[in-house]
Amino acid sequence: MTWITGDVQVVTRTETHAQAISATTQQLTVTVPNGSILSPAPVVTVSPTGSALAHTFIVSIAAAFTGVYRLSWHLAFSDGEVLDRNEVRVCTYTDIGGLVRRRLQESTASLMDVDLDPEVWAVIRTLQDRFTALQIAGGYNSLVGLDQERFDWAVGLVTALRLRPTRAKAIPVGELAQIKLGQSSFVYSDGRVGIPLEQQWLQEAVISLGRVTVIQNQFQAAATSFQPFRISGPTRFATQQGSVETLLGGVIRLLTDRWFLDATGENTNGDAGYQPVF
């Protein structure tokens, strides 16, 4: 699973060989989220210790901070082969990996951490870039209390909807809408009629993200400058601060959980198709 802050994580890596050889050197350099090198370096054990067709390298790492951990393996073997491998692991407040796998009906075997973690970090980094107020507050590491769970829930849902089109499914995700007894044909729907499953997840994510205190305060601040007798789009300042919707749209979103999103999901704070009436 995705690393959770405060836990001791056990990391394994397996290398296979064309013939039976033994491991002579195994080193791991860990770069922690603040950019420094973890010291002392973690002790790597190898199994089996003798000659074999495959070796598994095992190490324990204390994940004290949220963010990206960069793992650099240096492995040498008795036949002269030297391998340098790099991995990216993400430490979050909650089990985002578990949420993603539940929504996609995947397992740790079919969706491994080494594939999932870079996607999770890409979503976190994108959301940080999207909300200037969050950047000013200190980014992802500044979240406290329930905001940690709210933000992580949104990250997990966005990651799941980003990955879903690329996953070859053995178990369909959705509700059974039609069944054909002859030749066992099944048809699955996306759930609510007319709303794709990814769109449902996106709406759920946006609502959760909108309840993160620093983000909610950003839109409340935008709402205070609402001018009811002036019809205009977002100001240049509002756009720079990450508020790309009109002020009226911001007021509507502060009063209801019925967030309106465009079909592509590109603009998660769209203007809900607001048209002025003269």
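# Close-up views of a predicted model

**View 1. Leu116 and its surroundings.** Setting aside neighbours up to four places away in sequence, Leu116 is in contact with Thr2, Gly97, Val100, Arg101, Leu111, Thr159 and Leu163; contact here means heavy atoms within 4.5 Å. Please keep in mind that this is a predicted model, in which local features need pLDDT of at least 70 and side-chain atom pairs count only at pLDDT 80 or more, while totals for chains, interfaces and linings use all residues. Residues are numbered from 1 along each chain as its sequence is written, and side-chain values use heavy atoms, with hydrogens and water left out. Leu116 belongs to helix α2; helices (H or I, at least four residues) and strands (E, at least two) are DSSP runs, numbered from the N terminus. With a relative accessibility of 0%, Leu116 counts as buried. Buried stands for under 20% relative accessible area, exposed for over 50%, and partly exposed for values in between (1.4 Å probe, protein chains only). One of the contacts, Leu163, is 47 residues from Leu116 in sequence, yet their C-alpha atoms are 9.1 Å apart in space.

**View 2. The largest nonpolar core.** This core has 35 residues, and Val100, Ile124, Phe151, Val155 and Leu209 touch the most other members. A nonpolar core is a set of buried Ala, Val, Leu, Ile, Met, Phe, Trp, Tyr and Cys residues joined through side-chain atoms within 4.5 Å. Two or more residues come from each of α1, α2 (113–130), α4, α5 (197–210) and α6 (213–224). Helix α4 gives the largest share, eight residues. Look for Val155, which touches Ile96, Val120, Val123, Ile124 and Leu127 when residues up to four places away in sequence are not counted. There is also a second, separate core of 20 residues, with Val11, Val30, Ile61 and Leu75 among them.

**View 3. Tyr93, Tyr140 and Phe151 as one aromatic cluster.** The structure has four aromatic pairs, and two of the pairs are described here. Rings of Phe, Tyr and Trp (its six-membered ring) pair if their centres lie within 6.5 Å; planes under 30 degrees apart count as stacked, over 60 as edge-to-face and the rest as tilted. Tyr93 and Tyr140 make a tilted pair, 4.8 Å centre to centre and with 50 degrees between the planes. This pair links distant parts of the chain, 47 residues apart: Tyr93 is in the loop between β7 and α1 (96–104), and Tyr140 in the loop between α3 (132–137) and α4 (146–163). Tyr140 also forms a tilted pair with Phe151, at 5.6 Å centre to centre and 45 degrees between the planes. Phe151 lies in helix α4 and Tyr140 in the loop between α3 and α4, so the pair ties together parts eleven residues apart in sequence. Are these three rings buried or exposed? Tyr93 is buried at 12% relative accessible area, Tyr140 is buried at 2%, and Phe151 is buried at 0%.

**View 4. The open sheet of four strands.** The strand order is β1-β7-β6-β3, with mixed pairing; two strands pair if DSSP finds at least two bridges between them. At the edges stand β1 (3–4) and β3 (23–31), each with a single partner strand, so one side of each has no neighbour in the sheet. Strands β6 (residues 67–77) and β7 (residues 82–92) pair in the antiparallel sense over ten bridges. As a landmark, Leu71 stands opposite Glu87 in β7.

**View 5. Glu15 and Arg85 joined through their side chains.** Glu15 lies in strand β2 (residues 8–21) and counts as buried, at 7% relative accessibility. Its side chain makes a polar contact of 3.1 Å with the side chain of Arg85. A polar contact is a pair of N or O atoms within 3.5 Å; within protein, one must be able to donate a hydrogen and the other to accept it, and residues adjacent in sequence count only if both atoms are side-chain atoms.

**View 6. Backbone details at Pro40, Pro48 and Gln105.** Most residues other than glycine have a negative phi, and most peptide bonds are trans. The bond from Ser39 to Pro40 is cis, with omega near 0 degrees, and Pro40 sits in the loop between β3 and β4 (45–47). Ser47 and Pro48 are also joined by a cis peptide bond, with omega about -5 degrees. Gln105 is not a glycine, yet has a positive phi of about 55 degrees; this residue lies in the loop between α1 and α2.
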